[in-house]
Amino acid sequence: MTLEVGKVYSFKLNSGEELVAKVQAECVGNYITVNSPVSVVQGPQGMGLMPSMFTANPDLSVTLNTNSIACYSETDSGVEAKYIEVTTGIKVPEKKIVLG
């Protein structure tokens, strides 16, 4: 797997679950290290993000077995902005074009 460290990716697992996480370290063997994995869930207002592991220490990284990944892609910019907001509390401003 070729994943760039520091980028946010969407992972579709063999179980059907979709995760969004930031890659912390390059793939070693069958494992990749990610930070703050969140699951994509359906809520009353549409798609939402919630922690994938409720009991894990949020300051520590998570090891993901690459054998459990069906496919992956860079995360959409809108979802990435929401991911940053959910995991850090920092709200990313919308990109707007200034017309003069």
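Student: What makes β-β-β-β-β-β-α the pattern of this protein?

Tutor: Read along the sequence, the elements come in the order β-β-β-β-β-β-α. The total is six strands and one helix. Helices are DSSP runs of H or I with at least four residues, strands are E runs with at least two, and numbering starts from the N terminus.

Student: What kind of model is this, and which residues count?

Tutor: The model is predicted: local features need pLDDT of at least 70, side-chain atom pairs count only at pLDDT 80 or more, and totals for chains, interfaces and linings use all residues. Residues are numbered from 1 along each chain as its sequence is written, and side-chain values use heavy atoms, with hydrogens and water left out.

Student: How do you know that strand 1 and strand 2 pair?

Tutor: Two strands pair if DSSP finds at least two bridges between them. Strand 1 and strand 2 (residues 18-28) have five bridges, in the antiparallel sense. They therefore meet the definition. Lys12 stands opposite Glu18 of strand 2. Four residues lie between the strands of this hairpin, and Gly16 takes a positive phi near 100 degrees.

Student: What makes strand 2 and strand 3 a pair?

Tutor: Six bridges join strand 2 and strand 3 (residues 31-43), again antiparallel. That satisfies the definition, so they pair. Ala25 has Thr33 in strand 3 as its bridge partner. The hairpin has two residues between its strands, and Gly29 in the turn has a positive phi of about 65 degrees.

Student: Why is the contact between Lys7 and Glu4 called a salt bridge?

Tutor: The term needs a side-chain nitrogen of Lys or Arg within 4 Å of a carboxyl oxygen of Asp or Glu. In Lys7 and Glu4 the closest N and O atoms are 3.7 Å apart. The pair therefore qualifies.

Student: What makes Glu74 and Lys7 a salt bridge, and what does the pair tie together?

Tutor: The closest N and O atoms of Glu74 and Lys7 are 3.2 Å apart, so the definition is met. Glu74 lies in strand 6 (residues 69-74), while Lys7 lies in the segment before strand 1 (8-13), so the pair ties together parts that are 67 residues apart in sequence. Glu4, Lys7 and Glu74 are linked in a network of salt bridges.

Student: Why are Lys7, Glu4 and Glu74 called partly exposed?

Tutor: Buried means under 20% relative accessible area, exposed over 50%, and partly exposed in between (1.4 Å probe, protein chains only). Lys7 has 27%, Glu4 has 46% and Glu74 has 48%. Each value falls in between, so each residue counts as partly exposed.

Student: How do you know that Glu85 and Lys82 form a salt bridge?

Tutor: The N to O distance for Glu85 and Lys82 is 3.6 Å. That is within the cut-off, so the term applies. Glu85 and Lys82 are three residues apart in helix 1 (residues 77-88), which means a separation of about one helical turn. Glu85, at 27% relative accessibility, counts as partly exposed, and so does Lys82 at 42%.

Student: How many salt bridges does the whole structure hold?

Tutor: The search finds three.

Student: What share of the protein counts as buried?

Tutor: Of its 100 residues, 24% count as buried.

Student: What share of contacts joins residues 24 or more positions apart?

Tutor: A contact means heavy atoms within 4.5 Å. Among contacts with a separation of 6 or more, 49% join residues 24 or more positions apart.
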